[in-house]
Amino acid sequence: MAIVRKASVVWTGDIKTGKGEISTESGALSSYPYGFAARFEGARGSNPEELLGAAHASCFTMAIAGELAKAGLTAERMETKARVTLDKEGEGWAIKSSHLTLEATIPGADDATFQKIAATAKANCPLSKVIRAEISLEATLR
């Protein structure tokens, strides 16, 4: 059974001065601004790398919770930070890495078990997989 989640963007203008709005099906984001200045110049608004980082950190942390449950453990608290790196590549840009940093309090866990669970969650969370996935596209010009 597949679960489908939706998001959309609307963009107007050119790459430098144009503006975009991000919306999610859940309403968590509704016409939230993004654009060149937010992505490359530190202006207010979001950017794809920040959103990827938030998605990766949240997915990974849920995957850890699932792996902990399999081991009979429950986290008291977990905090995951993601650092997504966008590097210049030739004439364009490429996301080169997503670095996750996890701090966790898990009663009853030893470090060896924790490291094994964290590695399993990193490898198997759906967002880690999508970063390696084939990307398909359907484009329609109107």
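Modeller: Two strands count as paired if DSSP finds at least two bridges between them. The model before us is predicted, and we may begin with its strands.

Colleague: How many bridges join β2 to β3, and in which sense do these strands run?

Modeller: The general idea is that strands of a sheet pair through backbone hydrogen bonds, in either a parallel or an antiparallel manner. Here β2 and β3 run antiparallel and are joined by three bridges. Because pairing requires at least two bridges, three are enough for these strands to count as paired. One residue of β2 to look for is Glu-21, whose bridge partner in β3 is Pro-33. Likewise, Ile-22 stands opposite Tyr-32 of β3.

Colleague: In which sense do strand β1 and β2 pair, and over how many bridges?

Modeller: Strand β1, residues 7–12, pairs with β2 in the antiparallel sense, over six bridges. You can check the register at Ser-8, which has Ser-23 of β2 as its bridge partner. The two strands form a hairpin, with six residues between them. Within that turn, Gly-13 has a positive phi of about 100°.

Colleague: What order do the strands take in the sheet?

Modeller: The order is β1-β2-β3, in an open sheet of three strands with antiparallel pairing. Its edge strands are β1 and β3, each of which pairs on one side only. From one strand to the next, the twist averages 30°.

Colleague: Which phi does Ser-31 have, and where is this residue found?

Modeller: As a general rule, most residues other than glycine have a negative phi. Ser-31 is not a glycine, yet its phi is positive, at about 55°. Ser-31 is found in the loop between β2 (19–24) and β3 (32–34).

Colleague: Is Ser-31 buried, partly exposed or exposed?

Modeller: A residue is buried under 20% relative accessible area and exposed over 50%, with partly exposed in between. Ser-31 has a relative accessible area of 38%, so it is partly exposed.

Colleague: Let us turn to charged side chains. How many salt bridges are there?

Modeller: In general, side chains of opposite charge can pair when their charged atoms come close. In this model the count comes to four salt bridges. One of them joins the side chains of Arg-39 and Glu-49, at 2.4 Å from N to O. This pair links distant parts of the chain, ten residues apart: Arg-39 belongs to helix α1 (residues 36–40), and Glu-49 to helix α2.

Colleague: Is Glu-49 buried or exposed, and which residues does it touch?

Modeller: Glu-49 lies in helix α2, residues 48–70. Its relative accessible area is 7%, so Glu-49 is buried. Leaving aside residues up to four places away in sequence, Glu-49 touches Arg-39, Val-84, Leu-86 and Ile-95. Its salt-bridge partner, Arg-39, is partly exposed at 35%.

Colleague: Where do Glu-67 and Lys-70 lie, and how far apart are their closest N and O atoms?

Modeller: Both residues lie in helix α2, three residues apart, which is about one turn of the helix. Their salt bridge has its closest N and O atoms 3.1 Å apart. Glu-67 counts as buried at 17% relative accessibility, whereas Lys-70 counts as exposed at 66%.

Colleague: Which residue meets Arg-77 in a salt bridge?

Modeller: The side chain of Glu-79 meets that of Arg-77, with 3.2 Å from N to O. Arg-77 is exposed, its relative accessible area being 52%, while Glu-79 is partly exposed at 34%.

Conventions:
Residues are numbered from 1 along each chain as its sequence is written. This is a predicted model: local features need pLDDT of at least 70, side-chain atom pairs count only at pLDDT 80 or more; totals for chains, interfaces and linings use all residues. Side-chain values use heavy atoms; hydrogens and water are left out. Helices (H or I, at least four residues) and strands (E, at least two) are DSSP runs, numbered from the N terminus. Buried means under 20% relative accessible area, exposed over 50%, partly exposed in between (1.4 Å probe, protein chains only). Contact means heavy atoms within 4.5 Å. Axes are lines fitted to C-alpha atoms, for helices over the stretch in contact, and angles run from 0 to 180 degrees between N-to-C directions.
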